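Hello,

Here is the structure you are taking over. Please open it beside this message and follow along.

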Amino acid sequence: MESRGASSTQAPIPLPVAEQAMHWLLELQAPHVSEQTRAHWLQWRQADALHEMAWQRAQAFSSRMSSLRSPGQRPLANAALAPMLSRRSALKNLALLLAAGGTAWSARDSALVQDWRSDFSSAVGEHHTVQLADQIQVQLNTDSAIEMRFDPQQRVIRLLRGEMLLNSATALPLWVETTEGRVQMFGQQLAVRQRQGFTQASSQSGGLGIYPQARGNPSISVAPGQVVSFDRHSLLAQRPLRAGELAWSHGMIVAQGQRLADFLAELARYRRGHLGCDPSLGDLRVSGTFPLHDTDQVLLALSETFNLDVQHLTRYWVTLKARPNLA
Amino acid sequence: MPSTSPASHHGLATLYREQHSWLQRWLRCRLGCSHSAADLAQDVFVRLLAKTELIEVQAPRSFLATVAQSVLSNHYRRQKLEKAYLQALATLPEAVIPDLETQAILLETLLELNAVLERLEMPVRKAFLWSQLDGLSHGEIAERLQVSIATVKRYIIKAGAQCILLDGGWS
């Protein structure tokens, strides 16, 4: 395997050490583990820094495998890996695929399926600017996808997931569609975010109109500088746009006295995996402007400001904890 | 002749300039799609960039074709796995579908596992997946494979060690 650039890896772990780590993992997974076995295991871990490193990897591996066994993941893992266990099962899968026909494909909206049918998409941590016809410019925030329907009468952009910022001077009616309804752009700028179960929209200039799907006409108009949330039926909330709320379009994230827990939830959108903090730290107040291109640096800055430890359980599971007080 | 890394990158630049369009055509013939051919040609050169040793360019085309072949089979493997994955996803009940983040991690894990297991013999693969994914006991696996429990453990350790050695993949 080729190295993936600067990672946390220092010296490579020799194969026999990796095998020993696996051996201990199996020993400790047995139903009854004797005190003696535990003592030997600890001895082995402490004998060499490489042993400890291999052990940490073995544990990360083991936790990854156990999440693979959860009800939502196991059928997927089985289906994906089954073909390598026999030639016959590969054929069986193919038969199943043919039997299932087109119907099985249409039902779900996973990120992968969306990327197949979307016109533009961004992966987690990416930020794209797309120039469309009519001087319409779309910026896609992290993990976002859009689809376009342009005809001579109107311009419709469907936001499949994530968040977008539109800048346009088109004379034609311009709409953004989400799961909950439609947003019409009245000015030159419009921000829309698809959230879990509702849509959030704002405009810094010109205002906007919203049409919740189940409500029908007329639209609800919203003044510039306001952020609204709505679901399929009605307006849910309205508040002034905070300064720096759209800073992602400049590659930044801004906090102004935000709760640490809320800030981390926001930051987590820009990286894969879990990002959280010890519940006792959730109410710490964060202020600052941080660049988004390297979220590890943001965590480092936070940890220094608040004297916290950044704990990596795996590459994808990061928790901020209070630093033990040594004094 | 010095074999420093800048020298080899210089060689790579020449290789790129002279052979890139040939490579892209070569890939397009095999893929039938110019879009992926361009991506994969890029992958080939990225792979070469990661190599530190001096690149032998006595027979540039056959050299490139060898690297491209492995990039290509990687690509097919990935496609096959993603297809099986998506198909299973479509049949999963709504309530247990993992969130998108989990799905992204899951797919990456599966690709890594697939790459590791592929290099191992069939009984080792079976022992590993039956124990780690299906949760069968060592005894049950021994019975299915008609081998001793000690052998089953050896198999699981062998496959698991390869996973641990994956560069930073799990931690």
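Below are notes on confidence, then on one strand, then on one contact between helices.

Keep in mind that this is a predicted model. For the complex, the predictor reports an ipTM of 0.73 and a pTM of 0.46.

Confidence in chain A

Chain A has a mean pLDDT of 82, with 86% of its residues at 70 or more. Among its elements, strand S10 (residues 198-202) of chain A has the highest mean, 96, and helix H6 (residues 103-106) of chain A the lowest, 30. At the start of the chain, residues 1-9 of chain A have pLDDT below 50, and the model gives this stretch 11 contacts beyond near neighbours in sequence. Residues 87-117 of chain A also stay under 50, and there the model has 31 contacts beyond four places in sequence. Where pLDDT is low, the predicted coordinates should not be read in detail.

Confidence in chain B

In chain B the mean pLDDT is 80, and 85% of the residues reach 70 or more. Helix H7 (residues 149-165) of chain B is where confidence is highest, at a mean of 93, while helix H1 (residues 5-31) of chain B is where it is lowest, at 73. Residues 1-8 of chain B fall below 50, with nine contacts in the model beyond near neighbours in sequence.

Strand S11 of chain A

Which strands does S11(A) pair with? One is strand S8 (residues 181-185) of chain A, which is antiparallel to S11(A) and joined to it over five bridges. In this pairing, A:Tyr211 is the bridge partner of A:Arg182. Another is strand S12 (residues 220-222) of chain A, also antiparallel, with three bridges to S11(A). Here A:Ile210 is opposite A:Ile220.

The side chains of S11(A), which covers residues 208-212, alternate along the strand. A:Leu208, A:Ile210 and A:Pro212 point to one face and are buried, whereas A:Gly209 and A:Tyr211 point to the other face and are not buried.

A contact between the chains

Helix H4 (residues 74-81) of chain A packs against helix H3 (residues 60-90) of chain B. Their axes are 8 Å apart, at an angle of about 145°, and the crossing is right-handed. From H4(A), the residues in the contact are A:Pro75, A:Leu76, A:Ala79 and A:Ala80. From H3(B), they are B:Leu81, B:Ala84, B:Tyr85, B:Gln87, B:Ala88 and B:Leu89. How many of these residues are nonpolar, polar or charged? Nine are nonpolar, one is polar and none is charged.

Regards

Technical notes:
Residues are numbered from 1 along each chain as its sequence is written. Chains are lettered from A and ligands numbered from 1 in the order in which they are written. pLDDT is the predictor's confidence in each residue, from 0 to 100. Helices (H or I, at least four residues) and strands (E, at least two) are DSSP runs, numbered from the N terminus. Two residues are in contact if their C-beta atoms, placed from the backbone, lie within 7 Å. A residue is buried if 20 or more other C-beta atoms lie within 10 Å of its own, exposed if 12 or fewer, and partly exposed in between; C-beta atoms are placed from the backbone. Two strands pair if DSSP finds at least two bridges between them. Axes are lines fitted to C-alpha atoms, for helices over the stretch in contact, and angles run from 0 to 180 degrees between N-to-C directions. A crossing is left-handed if the near helix is turned anticlockwise from the far one by less than a right angle, and right-handed if clockwise. Ala, Val, Leu, Ile, Met, Phe, Trp, Tyr, Cys and Pro count as nonpolar, Asp, Glu, Lys and Arg as charged, and the others, Gly among them, as polar.
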